[in-house]
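Biologist: I should like to learn how to read the local features of a model such as this one. Could we take them one at a time, with the general idea and then the case at hand?

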Amino acid sequence: MELKIQNVTMTYPSGKQALKGLNLELKSPSLIGLLGPNGAGKSTLMKLLVTALLPTGGCILADGKPLARAERTLKANLGYLPQDFGLFDELSVTQFLDYMAALKGLPNPKAAIQEVIAAVNLEEKAKAKIRTLSGGQRQRVGIAQALLGDPSLLIFDEPTVGLDPEERIHFRNLFSRTAQNRLVLLSTHIIEDVQSVCDQIVVIHRGQILFTGTPEELIQSAAGHVGAFYAQEAAQERGLHITARVNTGKGVRCRAVADVLPAFAQVEEPTLEDAYLYLISREAAR
Ligand code: ADP
Ligand code: MG
């Protein structure tokens with residue numbers, strides 16, 4: 001599976017330009033993290049990729065064919081978890097998945113449902129009504145329906161929102177296993193979600209791509225721009241993008257990202273979060 005996004009623009013009827021001339025190539029197998037602040041255009045891009053929206057400019061090719069013409073083939077090979085996915089509260093997990101399997105036209109729903117329930121570790125809740133599930137368990141049902149039919153393209157829009165740390169780790173491992181032979185795109189604004197599992201990162205901001213590459217490359221891009229210092233007076237923090245402040249006995253220990261670090265700052269190894277914040281802060285300063 002290969003997706004080519006060519007000069008794609010999306011302007012909503014309200015006049016809001018959510019995506020501005022995007023160019024991007026995605027190829028399986030890969031687990032791609034789509035990172036960006038709220039309102040960056042992540043959900044819009046995902047809706048275009050699942051043909052829930054049509055771009056107002058440019059085109060998207062799936063395996064070389066325009067998406068508009070390959071729509072049916074694409075949908076048969078697609079699992080999608082929208083950001084605001086509604087579940088049917090009065091159905092049991094199995095009943096809901098059976099309904100989704102019917103919508104997808106799966107030939108052997110029973111086996112497929114068992115398989116996805118096992119994949120998200122929900123065996124003991126298979127007969128439970130959805131309204132009795134915790135937030136994390138509901139998200140797992142959402143992920144399970146996306147996995148139905150073994151699609152080769154999976155798109156998860158903020159799948160880890162509202163999950164506790166343990167659940168997030170469980171999902172990360174699940175995504176990583178899923179991506180072994182597929183193309184998986186997941187959006188998030190939580191850096192740790194992409195840090196440990198994604199092999200590619202796409203950073204999007206105000207409808208434009210700021211970065212594509214590996215997590216290591218993103219980290220490298222901030223080398224020399226991350227510093228730490230003890231702030232004795234507030235003036236020292238001026239003009240810096242402070243990413244951490246800890247009150248200690250010796251003063252306020254600050255971590256900051258900046259184009260040019262002040263002389264009093266000690267240069268630190270960037271983390272992925274530093275690098276992301278540096279990228280976004282530079283763009284915001286424009
Ligand atoms: P993200 O998922 O990164 O938070 P979205 O893709 O949801 O961002 O939104 C990108 C921009 O487009 C935002 O400014 C948002 O307000 C706007 N937007 C999203 N959906 C619509 C819509 N249906 N009509 C008008 N503007 C929209
Ligand atoms: Mg969104």
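Biologist: Where does Glu 158 lie?

Modeller: In this predicted model, Glu 158 belongs to the loop that runs between strand E7 (153-157) and helix H6 (165-178). Its phi is positive, about 50°, although Glu 158 is not a glycine.

Biologist: Is Glu 158 buried or exposed?

Modeller: The cut-off to keep in mind is that buried means under 20% relative accessible area. Glu 158 has a relative accessible area of 6%, and therefore counts as buried.

Biologist: Which loop holds Asn 121, and what is its phi?

Modeller: Asn 121 sits in the loop between helix H4 (109-119) and helix H5 (135-147). Asn 121 is not a glycine, yet its phi is positive, at about 65°. As for accessibility, the class partly exposed covers what falls between under 20% and over 50%. With a relative accessible area of 37%, Asn 121 is partly exposed.

Biologist: Which residues does a cis peptide bond join?

Modeller: The residues are Ser 28 and Pro 29, and omega for this cis bond is about -5°. Pro 29 is found in the loop between strand E2 (17-27) and strand E3 (30-35).

Biologist: Let us turn to the interior. How do nonpolar side chains tend to be placed in soluble globular proteins?

Modeller: In soluble globular proteins, they tend to be buried together. Here, the largest nonpolar core has 52 residues, and the members that touch the most others are Leu 97, Ile 143, Leu 148, Phe 156 and Val 203. Helix H9 contributes the largest share of this core, six residues. A second, separate core of 28 residues includes Ile 5, Ile 32, Ala 62 and Leu 78.

Biologist: What does Ile 143 touch, leaving aside residues up to four places away in sequence?

Modeller: With that exclusion, Ile 143 touches Leu 81, Val 120, Phe 156, Pro 159, Phe 171, Leu 174 and Phe 175.

Biologist: Helix H9 also holds Asp 274. Is Asp 274 buried or exposed?

Modeller: Asp 274, in helix H9 (residues 272-285), is at 2% relative accessibility and so counts as buried. Apart from residues up to four places away in sequence, Asp 274 touches Val 226, Thr 243, Arg 255, Val 257 and Glu 269.

Biologist: Which side chains make polar contacts with that of Arg 255?

Modeller: One polar contact, of 2.6 Å, joins the side chains of Arg 255 and Asp 274. Another, of 3.1 Å, joins the side chains of Arg 255 and Glu 268. Arg 255 is placed in strand E13 (residues 251-257), and at 19% relative accessibility Arg 255 counts as buried. Beyond residues up to four places away in sequence, the residues that Arg 255 touches include Gly 227, His 241, Ile 242 and Pro 270.

Biologist: How should the metal site be read, and which atoms coordinate the magnesium ion (ligand 2)?

Modeller: Water is not among the atoms, so sites may look incomplete. The magnesium ion (ligand 2) is coordinated by Ser 43 through OG and by Gln 83 through OE1, at 2.1 to 2.2 Å. Ser 43 lies in helix H1 (residues 42-49) and Gln 83 in the loop between strand E6 (78-81) and helix H3 (93-104), so the pair ties together parts that are 40 residues apart in sequence. Ser 43 counts as buried, at 17% relative accessibility, whereas Gln 83, at 45%, counts as partly exposed.

Biologist: Which residues surround ligand 1?

Modeller: Among them are Tyr 12, Ser 14, Lys 16, Pro 37, Ala 40, Lys 42, Ser 43 and Thr 44. Helix H1 gives the most to this shell, with three residues.

Biologist: How far are N or O atoms of Thr 44, Ala 40 and Lys 16 from oxygen atoms of ligand 1?

Modeller: A side-chain N or O atom of Thr 44 is 2.5 Å from an oxygen atom of ligand 1. For Ala 40, a backbone N or O atom lies 3.1 Å from a ligand oxygen atom. For Lys 16, the distance from a side-chain N or O atom to an oxygen atom of ligand 1 is 3.5 Å. Taken on its own, ligand 1 has 560 Å² of accessible area, and the protein covers 66% of that.

Terms used
Residues numbered from 1 in each chain as written. Chains lettered and ligands numbered in written order. Predicted model: local features only at pLDDT ≥ 70, side-chain atom pairs only at ≥ 80, totals over all residues. Heavy atoms only, no water. Helix = DSSP H or I, 4+ residues; strand = E, 2+ residues; numbered from the N terminus. Buried < 20%, exposed > 50% of the residue type's maximum accessible area, 1.4 Å probe, protein only. Contact = heavy atoms within 4.5 Å. Core = buried A, V, L, I, M, F, W, Y, C linked by side-chain atoms within 4.5 Å. Donors = N, O, S within 2.8 Å, 3.2 Å for Na, K, Ca; no water. Near = heavy atom within 4 Å. Polar contact = N/O pair within 3.5 Å; in protein donor to acceptor, adjacent residues only side chain to side chain. Areas by Shrake-Rupley, 256 points an atom, 1.4 Å probe, with all protein chains shown as cover.
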